[in-house]
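Here are a few exercises to work through with the model open beside you. Try each task before reading its solution.

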Amino acid sequence: MEILHDDIVSLALPYRETLRVQRTSFVGGGGPRVAVIAGIHGDELEGLFVCHRLAAWLEQLAASHPHALRGRVDLVPAINPLGIDTLERFVPVFDADLNRNFPGDAEGLLPQRIAAGAMAALSGAALVIDIHASNIYLREIPQVRIAEDFAATLVPLAQGMNLDLIWLHGAVTVLEATIAHSLNSTGTPCLVVEMGVGMRITPAFTEQLLIGIVNVWRTLGVLAPDLELPPPTHTPLVADDSNVHYLNAATSGLFVPDIEHWMAVRREQTLGRIVSPLHGGTLAAVRSPVDGILFTLREYPAVYEGSLMARIMAV
Ligand SMILES: [Zn+2]
């Protein structure tokens, strides 16, 4: 196994600085190529830690089973390096969401050039995994989000990823300028993983996802079929636009949950309350509209009328 380091994008910036989107490649035999990308939103760090753990796992594999990597693994942990450096979700200065600039333009503005470089580097892979970490407001259980148009290809792959949830999105909710849509619509399968919370890492979720990723790699022939791996421990539920319920704040205040994330809840059960810092009463009780499982829970306590506090999948 060979371990290579290079840049998939290198652009001159003012003041003699260079923007580099770095890649680590683990090259075994001539089998399929797969990739993991992270940090497209600069405030989402969970995927950077997943890349670190995958790199450690592959480095150990090189020592213990030097011939077990039959294909090639590319890790691109920081696809929006300026955003990560400045703790910003978007590309600084351009104030652009990098994940709304695909497939990009090699002659365009900086975000479009990064997008074009990423498309060139990732197209043709057997599988790209794009890891997101929600935002600073909401905590998510490990899940994959799939546009219904690509469900036939992606759901079987997602089933093996050791996740808790597969969320199928209808055509109207799909954003077409994302990296996942651009890759999937040009024949490169791309799974979007959401997990954890912005600006944090959740090591237990990382280990859960790592088991899923290496098992899927083995299924795809990237790893030797006889390589022993820890078996998946999670079987995903499948949500779609018909069984997901959104809980939005009825009023502004501080949201204080009474329940834990990823819990079964009953219809009319109190999930928390919205309180005011100015007096001792409760402004609003937050109750579940259905029997189900709470898979999104607000992490950031301040809410305004309409703020999302939770998502529940009816079961
Ligand atoms: Zn994101």
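**Warm-up.** In which helix is asparagine 184 found?

Asparagine 184 is found in helix H5, which covers residues 179-184. Helices here are DSSP runs of H or I with at least four residues, strands are runs of E with at least two, and both are numbered from the N terminus. Before going on, note that this is a predicted model, where local features need pLDDT of at least 70, side-chain atom pairs count only at pLDDT 80 or more, and totals for chains, interfaces and linings use all residues. Residues are numbered from 1 along each chain as its sequence is written, and side-chain values use heavy atoms, with hydrogens and water left out.

**Exercise 1.** Work out whether asparagine 184 is buried or exposed, and find what it touches.

Step one: take the cut-offs, with buried meaning under 20% relative accessible area, exposed over 50%, and partly exposed in between (1.4 Å probe, protein chains only). Step two: asparagine 184 has 13% relative accessibility, so it counts as buried. Step three: look for contacts, meaning heavy atoms within 4.5 Å. Leaving out residues up to four places away in sequence, asparagine 184 touches Phe150, Leu154, Pro189 and Cys190.

**Exercise 2.** Describe the protein chain as a whole, and check how compact it is.

Step one: count the elements, and you get six helices and 17 strands. Step two: compare the radius of gyration (taken over C-alpha atoms) with the globule rule, which is 2.2 Å times the number of residues to the power 0.38. The chain comes out at 20 Å, close to the 20 Å that the rule gives for 315 residues, so it is as compact as a globular protein of that length. Step three: box it in along the principal axes, and the C-alpha atoms fill roughly 65 × 50 × 35 Å. Step four: look at burial and contacts. Buried residues make up 53% of the 315. Of the contacts with a separation of 6 or more, 70% are between residues 24 or more positions apart.

**Exercise 3.** Check the length of helix H6 and see how threonine 206 sits in it.

Step one: the expected span of a helix is 1.5 Å times one less than its number of residues. Step two: H6 runs over residues 203-220, and its 18 residues should span 26 Å; the end C-alpha atoms are 26 Å apart, which agrees. Step three: pick out buried residues of H6, among them Phe205, Thr206, Leu209, Ile213 and Trp217. Step four: zoom in on threonine 206, which has a relative accessible area of 0% and is therefore buried. Beyond its neighbours within four places in sequence, threonine 206 is in contact with Glu46, Phe49, Val50, Arg53 and Met195. Step five: step off the end of the helix, where glycine 221, just after H6, takes a positive phi of about 90°.

**Exercise 4.** Which parts of the chain does the salt bridge between glutamate 207 and arginine 53 tie together?

Step one: a salt bridge is a side-chain nitrogen of Lys or Arg within 4 Å of a carboxyl oxygen of Asp or Glu. Step two: in this pair the closest N and O atoms are 2.7 Å apart. Step three: glutamate 207 lies in helix H6 and arginine 53 in helix H1, so the bridge ties together parts 154 residues apart in sequence. Step four: glutamate 207 is partly exposed at 30% relative accessibility, and arginine 53 is partly exposed at 23%.

**Exercise 5.** Find another salt bridge, this one made by arginine 89, and say how exposed its two residues are.

Step one: arginine 89 pairs with aspartate 43, at 3.2 Å from N to O. Step two: place them, with arginine 89 in the loop between H2 and H3 and aspartate 43 in the loop between strand E3 (33-38) and helix H1 (46-64), 46 residues apart. Step three: arginine 89 is partly exposed, with a relative accessible area of 27%, while aspartate 43 counts as buried at 7%. To finish, the total count is 15 salt bridges, and Asp6, Arg23, Arg33, Arg72 and Asp74 are linked in a network of them.
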